[in-house]
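Student: Hi! Could you walk me through this one?
Tutor: Happy to, here it comes.

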Amino acid sequence: MTATVALIRDTFREAFARKIFWGLFGLSTVMILFFLFLLRIDLMEGGVAFVSAFGRINGTRDVDKLVRGVYGGIAAFLYTWGMFLAVFASAGLIPSVLEPGRIELLLSKPVSRTHILLGRYVGNVLVVSCNIIYLVLGVWTILGIKTGIWSPLFLISIATTIFAFAVLLSVVILIGVLFESAALATMVAAALMVMSLILAQTSVMLRLLSSEWSRQIWRTLYYSLPKIYDLGGMTLNAIQSRSFDGFMPIWTSALFAAVVLGCSLLIFARRDF
Amino acid sequence: MASEYAIETSDLAKVYRSRWKRREVRAVDGISLNVPRGTTFGLLGPNGAGKTTFVKMLLSAVRPTRGNALIFGRNAREPEARRPIGYLPENHRFPTYFTGAGMLDFYAALSGMESAERRKRIPEMLELVGLEQWGSVRIGKYSKGMLQRLGLAQALIHSPSMLILDEPTDGVDPVGRMQIREVLTRCEERGVTIFINSHLLAEVELFCREVAILDKGKVALSGKMHDLTAGKGYRLTVGETPEALVEAVRAKATSMASRNGFVDFQFASRQLANEAVDLLRAQRCEIESLAPTTSTLEEVFVRTVAK
């Protein structure tokens, strides 16, 4: 336990020193301040007035809809830019541990390689989690105070965003262990995010593709790669109390992360330093 | 499980292969070595002899191609085997975001030390290596010698039973070197096994009781220091001696040198030295001294590696 805590604390310390933590914290703060600014100029009242002016039923239901819309926008932001920034910021934390002169000393300690890598992984997830929790809770509190509507469903985005980040981080770890390149790790993770958007159009694509083998390839890619876009969609639906089609994006993405992390651990355990 | 050896390796080998396995480099080629507990052991060899790879295999940073290594009787691959080891790598890169105390705290925690114990040991260790004023300073500000001393403190903090030190005095000034030697001497007195990988032969000769010289991945020579450096010959020193007698003794000697009115003769064997003594005493010449001479470790090293 002492070693685990030390490895996690070390990740935080490095994230602080590289200004990664403070960078993400600063961006989250800017976003919260932006909402505080909206609160000051009474945009919510303006929004309510706008909704009323177009003749819809006035009252709490419309405000609730507007608030849920704002929450949805924030969740979408978290799933795109927020996720990319988190991956970009974290990508260097794995290659830095593998630097010659540093890794030998780590490996000389009575800690298994699996423990070292998982310690870094968990530490990295926690660094990003702190910022996600801070941002989501901050925005939720501001909007709650302003509108009096406390939608706990928005808080689901904390769990789903952290989960999606943890899935992408497993890829960052694999690339880090294989090639020790932060830039390549970011590129691959970003490519997976983009691919998840394309692959999510499965129902359309399966109709458009002419041959069975091409449809099979599409399905294989869809089911085997992480579904960041689908997870975002699920979160959005949950926030807006809409139904969604099962939990398949969650468990297939979790399986993907487990396999990729398992491969990373295996490669790391067999590597010479 | 208790073994009389701190390190036991049998047929330990590491072969590096190129990407397409067309070329292979035998970095370590079947090393069998036993390092007794409590000794000070020096590992020597020219560049590329396989010293660092051998040490890395002991620490499981490199996987052996064949053979095995035991640390205090435990397979070196097990993380627990590394618990009694304190290690100082040669080209260490301690993360510069640490302060001296923070760095010691991190590595001590990885060695399994509890928080209260760490809090007690860190100031002691900083004082031991003369860095007590520097504990709260980021190590990015440290000089190379200070980093080396901090690295030694890191290796010692969990009171290990064995120290593995790769060029421990590299970049350290003479005073710092002496401090490090003093620290290591105290460790030796406490029965800590000290395994040094160094290029500084004079230092190894001064400090180590046993040595092994690696060459081309194999053990070219190993043994106790006094055995390896002993047996070179005998030195006879005489005072004023008639010229003819000097020439007669010179004929038996391998070399002769004059200094401050004395003449030194070097003999290859005890018998030749005794014959020279007989000659000199027969002419009532005064003998100043007669003593066996030893090779320096450097001479032994050069002879071994040049073969």
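Tutor: We'll go through the chain contact, the domains, a sheet and a helix pair.

Student: Anything to know before we start?
Tutor: This is a predicted model, where local features need pLDDT of at least 70, side-chain atom pairs count only at pLDDT 80 or more, and totals for chains, interfaces and linings use all residues. Residues are numbered from 1 along each chain as its sequence is written, while chains are lettered from A and ligands numbered from 1 in the order in which they are written.

Student: Cool. How many residues does the contact take from chain A and chain B?
Tutor: Chain A puts in 22 residues and chain B 25 residues; two residues are in contact if their C-beta atoms, placed from the backbone, lie within 7 Å.

Student: And which helix gives the most to chain A's side?
Tutor: H1(A) does, with seven residues. Helices here are DSSP runs of H or I with at least four residues, strands are E runs of at least two, and both are numbered from the N terminus.

Student: What classes are on that side of chain A?
Tutor: Nine nonpolar, four polar and nine charged residues. Ala, Val, Leu, Ile, Met, Phe, Trp, Tyr, Cys and Pro count as nonpolar, Asp, Glu, Lys and Arg as charged, and the others, Gly among them, as polar.

Student: Switching topic: how is chain B divided?
Tutor: Into domain 1 (5-228) and domain 2 (230-306), with bounds from an automatic or database domain assignment. Their C-alpha centres lie 41 Å apart. Twelve residues of domain 1 and eight residues of domain 2 form the contact between these domains of chain B.

Student: What's the strand order in the open sheet of chain B?
Tutor: S12-S13-S11-S14, four strands with antiparallel pairing; two strands pair if DSSP finds at least two bridges between them.

Student: Which strands stand at the edges?
Tutor: S12 (255-259) and S14 (287-293) of chain B; each has a single partner strand, so one side of each is left without a neighbour in the sheet. S14(B) pairs with S11 (residues 233-238) over six bridges, and B:Gly233 has B:Thr293 as its bridge partner.

Student: Last one: at what angle do H11 and H12 of chain A pack?
Tutor: About 145°, with their axes 9 Å apart. Axes are lines fitted to C-alpha atoms, for helices over the stretch in contact, and angles run from 0 to 180 degrees between N-to-C directions.

Student: Which residues meet there?
Tutor: A:Asp230, A:Leu231 and A:Met234 in H11(A) meet A:Pro249, A:Ile250 and A:Ser253 in H12(A).
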